[in-house]
Amino acid sequence: MSERDNQRRGRDNAVGQPQTATSGSSAGRDAWLAELVVFLTYPEAYLRKTEKERQQFEEWIHSEIENRFVSREIGAVVVALHWYVESTFGRRGLLDHVCEVEPEKAELVSRKKLSKNLGAGRRGGCGGDVAEAIIRHCADHPASDPDRAARIGRLWVAAYREQPPWSSDDQTVEPADPQEISKLIDPSCWSELTAPGPLAGTAPDPPGEENGAASPSVQLERLQEELSTLQDEKTRAERTVEILQAALGEANADVADLRAKTAAARQTVEELGWRLSQAERQRDNERSEAGRARALVAQHREILAQLLAYLELADVGRSTAEELVSRFAGTTIEAPTAYLMLRQKINTAAPPTRRAFAVYLRVHADLTGNTPTRLADSSGMSAELVERLFTADYVPDSAGALAIAEAVEADPAHTRQLHRFANEDVDYRAIQEEFQRIVARDHVRKRIRNLPATTGKALPRILACFAMCVGATTIVVWIMFPNIFPNDSYLAYASGAKPEMLPRDCSTRRGVCNGFSPDYKWTLEPQQQITTTLKTQNSFSPRTLRGKLATAATSNKCPQAHFTWELSFSGTKATGALSKEKPSRELDQRLAPRPPTIVLTVHRTDNQPCPAGFYWYDAHVTGDSQYVGN
């Protein structure tokens with residue numbers, strides 16, 4: 001649509017619906033300026049008003065200029081600049097034009113800047129830099145009047161008493177006379193016009209637009225131009241929409257991919273967190289078991305050393321020792337035989353008390369892996385003296401004996417007692433009482449009851465000592481090789497709904513594994529219920545039911561799955577529920593002696609249309625150990 005068409009449409013609107021100060025149709029504080037520019041552009045619209053409407057409009061304009069500006073001349077400059085902008089680019093078009101040809105000056109013609117300089121924002125009128133930008137860039141418009149800049153320059157000189165900023169240095173601009181100023185801002189001067197017509201500086205009507213009416217051919221041409229423009233805009237808009245839709249589709253695909261990766265990463269993190277917690281729990285259990293095992297090994301090592309020492313105090317001959325060895329030849333435990341043969345390395349001519357002291361320290365040294373050379377470094381004695389100590393040919397002083405005892409982790413109190421026996425004449429009654437104190441312990445007394453009746457007083461006690469050695473060594477072997485004497489057993493499938501057995505490394509578990517997995521999985525549909533009977537695989541007395549019940553409800557496959565479970569054994573029941581909020585339960589359930597079977601019942605109570613897994617990890621029972629040789 002051409003600029004002339006825009007001017008014609010604005011004039012038709014002004015003529016059809018004139019705006020007045022009293023009608024209230026103009027909004028904002030600059031409504032007077034906008035209406036004044038309309039009547040300056042289309043004066044015939046003003047001439048069609050009634051006398052009363054003209055008088056009201058004149059009073060309104062005079063009041064606004066007098067209240068908003070320092071002088072009438074400054075008000076005339078603001079009106080002329082505003083008229084120049086609206087008759088060429090318009091405020092938005094001027095900003096677009098400046099951004100294209102001189103972007104560094106765009107701030108001077110921004111919406112905020114123009115509202116402040118071409119309205120009521122400043123009583124001093126428009127700033128010189130803004131006025132210069134308006135004059136320079138509005139002149140680029142095809143509809144710009146070449147004399148418009150000169151007229152505004154004369155108004156500027158009359159208002160500010162200085163040359164306009166856009167004039168050259170060799171040019172002198174004369175101020176505008178009062179008549180020219182009144183013709184611009186005083187509507188009463190427009191009454192001299194006797195017929196509608198443009199003011200000075202406006203263009204005449206184009207051909208075919210006499211008396212404000214366009215011919216049908218001109219109207220048709222305008223409509224065709226408007227239709228062509230609208231079609232072009234529609235095509236550009238459709239192309240833009242297609243580009244945006246393609247970009248949106250790509251963005252949605254990227255978002256979906258990122259969400260899938262995020263979900264997979266979150267699931268991996270959850271699985272790794274669960275594995276880490278399991279590993280930490282297993283590490284803590286192993287540390288605790290290792291501590292208990294070390295304490296138990298130290299206890300039984302001390303008992304073994306004391307009993308072998310008192311065996312020497314009893315002064316058992318070689319034939320008696322061979323008889324004891326042959327009596328227990330059917331056992332698979334060879335440690336007592338090896339320690340009884342220590343007498344082959346001991347000076348048999350030495351007193352029994354000295355031999356007992358040597359055997360006591362030698363047993364501790366062998367079981368803790370200390371050689372004479374290493375003990376010589378820690379005790380301050382030579383390796384030769386340590387060797388003589390172990391053969392009962394030498395007894396060190398008290399400090400040396402305690403240094404050796406500390407190095408081999410022997411009991412200091414018992415070391416001092418045996419050291420005193422080895423250096424002094426002792427009362428054998430005290431030795432016999434100490435021996436009775438050791439063998440009177442509960443786990444020793446059980447061995448003594450099963451010994452065969454023999455004559456004499458020394459041999460039963462010697463047999464009791466040797467039986468204790470066998471039992472203590474058995475316990476040591478059980479600590480060092482736990483898989484020989486199992487104290488727990490996995491649960492095997494017996495009947496009912498058969499679960500899936502998941503792969504598992506049996507080398508990480510103590511007790512019986514036999515290559516089978518103790519991890520089970522049941523897959524249930526919505527509202528499905530299953531029952532499975534499990535049984536233990538060892539003949540010991542199970543005491544505690546262990547493992548971990550869990551569900552995969554935390555995954556994205558079936559997040560709303562909900563299960564209720566029940567374990568039945570020996571007339572006792574344990575129940576619970578698993579869901580996304582509570583996905584697992586550790587089992588630590590005490591059992592009655594020898595339950596025949598364990599029955600698991602699982603009911604899935606949700607209606608989500610997807611299969612969900614129910615797991616029993618590390619399904620096993622623990623109980624009393626059985627020792628070889630009982």
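**Figure 1. V395 and the residues around it.** Leaving aside its neighbours within four places in sequence, V395 is in contact with R354, F357, H419, A422 and N423. This is a predicted model, so please read each view as a prediction. V395 has its place in the loop between α16 (383-390) and α17 (398-407). Is V395 buried or exposed? V395 is buried, because its relative accessible area is 15% and buried means under 20%. One of its partners, F357, is 38 residues away along the chain, and the two C-alpha atoms are separated by 8.5 Å.

**Figure 2. Helices α14 and α18 packed together.** Take a look at helix α14 (residues 352-368) and helix α18 (residues 412-423), which pack at an angle of about 150° with their axes 7 Å apart. How do these two helices run relative to each other? Angles over 145 degrees count as roughly antiparallel, and α14 and α18 are therefore roughly antiparallel to each other. Their crossing is left-handed. On the α14 side, the contact is made by T353, R354, A356, F357, Y360 and L361. On the α18 side, the residues are H414, T415, L418, H419, F421 and A422. Sorted by class, the contact of α14 with α18 has seven nonpolar, four polar and one charged residues. You may recognise R354, F357, H419 and A422 from the view of V395, which is in contact with them.

**Figure 3. Helices α2 and α4 crossing.** Here helix α2 (residues 31-41) packs against helix α4 (residues 51-68) at an angle of about 125°, and their axes are 10 Å apart. That angle makes α2 oblique to α4. The crossing of α2 and α4 is left-handed. Which residues of α2 and α4 meet? From α2 come A31, W32, E35, L36 and F39, and from α4 come F57, W60, I61, E64, I65 and R68. The residues of this contact divide into eight nonpolar, no polar and three charged.

**Figure 4. The largest nonpolar core.** This core has 49 residues, and W32, L36, V79, L81, I134, L155 and L184 touch the most other members. Two of these, W32 and L36, also belong to the contact of α2 with α4. The elements that give two or more residues to this core are α2, α3 (43-47), α4, α5 (72-86), α6 (90-101), α8 (128-138), α9 (148-160) and α10 (178-185). Which element gives the largest share of this core? The answer is α5, with 10 residues. Zooming in on V79, you can find it touching W32, L33, L36, V37, L40, L184 and I185, not counting residues up to four places away in sequence. Apart from the largest core lies another core, of 33 residues, among them L313, A392, I404 and F421.

**Figure 5. E162 in a loop.** The residue E162 lies in the loop between α9 and α10. At 42% relative accessibility, E162 counts as partly exposed. Leaving aside its neighbours within four places in sequence, E162 is in contact with W156 and V157. Also marked is T172, which is 10 residues from E162 in sequence and 9.9 Å from E162 in space, C-alpha to C-alpha.

**Figure 6. T544 in a strand.** For a change from helices, find T544 in strand β5 (residues 542-551). Is T544 buried or exposed? T544 is buried, with a relative accessible area of 4%. Leaving aside its neighbours within four places in sequence, T544 is in contact with D588, Q589, R590, L591, H620, V621 and T622.

**Figure 7. Two residues with positive phi.** Phi of Q527 is near 65°, a positive value in a residue other than glycine. Q527 sits in the loop between β3 (519-524) and β4 (529-536), and Q527 is partly exposed, with a relative accessible area of 40%. Phi of D618 is near 55°, again a positive value in a residue other than glycine. D618 lies in strand β10 (residues 612-623).

**Figure 8. Stepping back to the protein.** The secondary structure comes to 21 helices and 10 strands. How many residues does the protein have, and what percentage of them is buried? There are 630 residues, and buried ones make up 40% of them. Among contacts between residues at least 6 apart in sequence, 74% join residues at least 24 apart.

Methods: Residues are numbered from 1 along each chain as its sequence is written. This is a predicted model: local features need pLDDT of at least 70, side-chain atom pairs count only at pLDDT 80 or more; totals for chains, interfaces and linings use all residues. Side-chain values use heavy atoms; hydrogens and water are left out. Axes are lines fitted to C-alpha atoms, for helices over the stretch in contact, and angles run from 0 to 180 degrees between N-to-C directions. Helices (H or I, at least four residues) and strands (E, at least two) are DSSP runs, numbered from the N terminus. Angles under 35 degrees count as roughly parallel, over 145 as roughly antiparallel, 65 to 115 as roughly perpendicular and the rest as oblique. A crossing is left-handed if the near helix is turned anticlockwise from the far one by less than a right angle, and right-handed if clockwise. Contact means heavy atoms within 4.5 Å. Ala, Val, Leu, Ile, Met, Phe, Trp, Tyr, Cys and Pro count as nonpolar, Asp, Glu, Lys and Arg as charged, and the others, Gly among them, as polar. A nonpolar core is a set of buried Ala, Val, Leu, Ile, Met, Phe, Trp, Tyr and Cys residues joined through side-chain atoms within 4.5 Å. Buried means under 20% relative accessible area, exposed over 50%, partly exposed in between (1.4 Å probe, protein chains only).
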